[in-house]
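Here are my notes on the pocket and the packing, for you to read with the model open.

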Amino acid sequence: MVERNLFKLIPKVDDILGRDNIKKILETIPRNVVLDSIREETKLIREKIKNNKQEEEILEVINNLELSIISNAEYKNSYKLRRVINATGVVVHTNLGRSVINEKIMENINDVVTHYSNLEFDLLKGVRGSRYSHVEEIIAKCTGAEAAMVVNNNAAAVLLVLNTMAKGRDVIVSRGELIEIGGSFRIPDVMIQSSAHLVEVGTTNKTHLFDYEKAISEDTAALLKVHTSNYRILGFTSSVDAVDLIELKNKYNLPIIEDLGSGVLLDLSKYGLEYEPTVQDSIKNGIDIVTFSGDKLLGGPQAGIIVGKKQYIEAMKKNQLTRALRVDKFTIAALEGTLKYYMDEENVVNEIPTIRMLTDSIESINNKALKLKRYIDNIEIDYFDIAIEDEFSEVGGGSLPLERIPTKCLVLSLDGKGLQKFEECLRRFSIPIIARLYKDRVYFDLRTIEEDEISIVAEGIKYALEQLKEC
Ligand SMILES: *Cc1c(COP(=O)(O)O)cnc(C)c1O
């Protein structure tokens, strides 16, 4: 009997729809979404009754029904892919979207994508054009290459290159370079997909020029160098630089392909970072085809950029695979905007967020840390301690794996109290904050927190501490 009474207390759907607060959210949230939320939230109550939960608990849920429906509907209606604050100090963070695009180029991207564009139309001749033409010249200019093209990502670039240049034939690779990049990019697997035959030479730690030479046969289509971007083999090692392979290229008339991965266009050692081979160097050295990512150290959108000899690039453009790997206008617009900054080195350091963050001075990072600390200094909780500490940031994205860049972190100690929950609350903040958790402390690396995000991080910390107090 008691049970039946409780069921009767659950408001009817029409009843709920008629309430003022629900009518109000119906102005911004589609009716179907609100209806789903109503059904879900009332179902929860029915289940509680069926499971013989305490009457008190059930009444409370019924009392809060309107609020639960509203927050459920708002969540359902919110964007699932959204902005977060990267407080990890990993600059090229693949899980957090890799490179940040400069806001200033958004105006043109917006203009292009919210209107018709000349994506595949030649405005001078009035005939059909190529989508690659918009960036080919600027890529060639930045890299010194004869020709260029762009596909979906660097994995696609390697696939297309191998399929075009070595389908059904041999490609020689050093055993020390059979890499796997986060996720599922494995050179041997990409090789199979591309229908090229992998010929491994040398050993894991040592490969010599004669290893390559011995493997060359009539079936050899190319020599492939893969930049071991996400690890280093240290100690008793030797590998053959791409430039040394030129000797074999000339002797046997074989093209050399280099997968550079990160795609640096500027010598980062000038800014105190480890030297990372630049695309220009590879081209200057005579490498026939070079591939790299658009969203690693280049600091642009996700893309795979292929540069090198025109005859090969032309063949790639004609490959059927290209149609499946082609880039969208969003990508082309963002890539063109990013590359324009490369026309002047000073611009690169100031305007490409990825490079700006990597080369940011310790003074500037420290100032940001002090600013964040001032924002939260007045929070009075006895078990809570803040300090600014010397730490290290990482490049990330499988680039410069050994590089540890000195940085400043704001470090919160919570006496072990609710640390996991605190970190979880940061992730649930209106602009989620992703921090580093290490040995009972939370680290906020100011290298990847932008100046205008400092106050948001402070708000997030306050919010998370409030939530903790409530438990
Ligand atoms: C990152 C990387 C890739 C894959 O590039 P994506 O743009 O992520 O597809 C391939 N090769 C190397 C050497 C890399 O570092």
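**Pocket and core**

1. The lining of the largest pocket takes at least three residues from each of domain 2 (85-94 + 358-470) and domain 3 (103-351); the bounds come from an automatic or database domain assignment. Bear in mind that this is a predicted model, where local features need pLDDT of at least 70, side-chain atom pairs count only at pLDDT 80 or more, and totals for chains, interfaces and linings use all residues. Numbering runs from 1 along each chain as its sequence is written, and side-chain values use heavy atoms, with hydrogens and water left out.

2. That pocket holds about 1200 Å³ of space. Its lining has 28 residues, with Arg 83, Val 84, Ser 99, Val 100 and Ile 101 nearest the centre. By type, the lining splits into ten nonpolar, eight polar and ten charged. Helix α18 is the top contributor to the lining, with three residues.

3. Now the largest nonpolar core (buried Ala, Val, Leu, Ile, Met, Phe, Trp, Tyr and Cys residues joined through side-chain atoms within 4.5 Å; buried is under 20% relative accessible area, 1.4 Å probe, protein chains only). It has 90 residues, and Ile 306 and Tyr 342 are among those touching the most other members. Helix α9 (residues 154-166) gives the most, nine residues. Domain 2 and domain 3 both give residues to this core, so it lies between them.

4. Apart from that core sits another of 34 residues, including Ile 376 and Ala 464.

Conventions. Buried means under 20% relative accessible area, exposed over 50%, partly exposed in between (1.4 Å probe, protein chains only). Helices (H or I, at least four residues) and strands (E, at least two) are DSSP runs, numbered from the N terminus. On a 1 Å grid over the protein atoms alone, a cavity is a set of points where a 1.4 Å probe fits but cannot get out, and a pocket is an open set with protein on both sides within 12 Å along at least five of seven lines; lining residues have an atom within 4 Å of a point. Grid points are joined across faces, edges and corners, and a volume is the space filled by probe spheres set on the points. Ala, Val, Leu, Ile, Met, Phe, Trp, Tyr, Cys and Pro count as nonpolar, Asp, Glu, Lys and Arg as charged, and the others, Gly among them, as polar.
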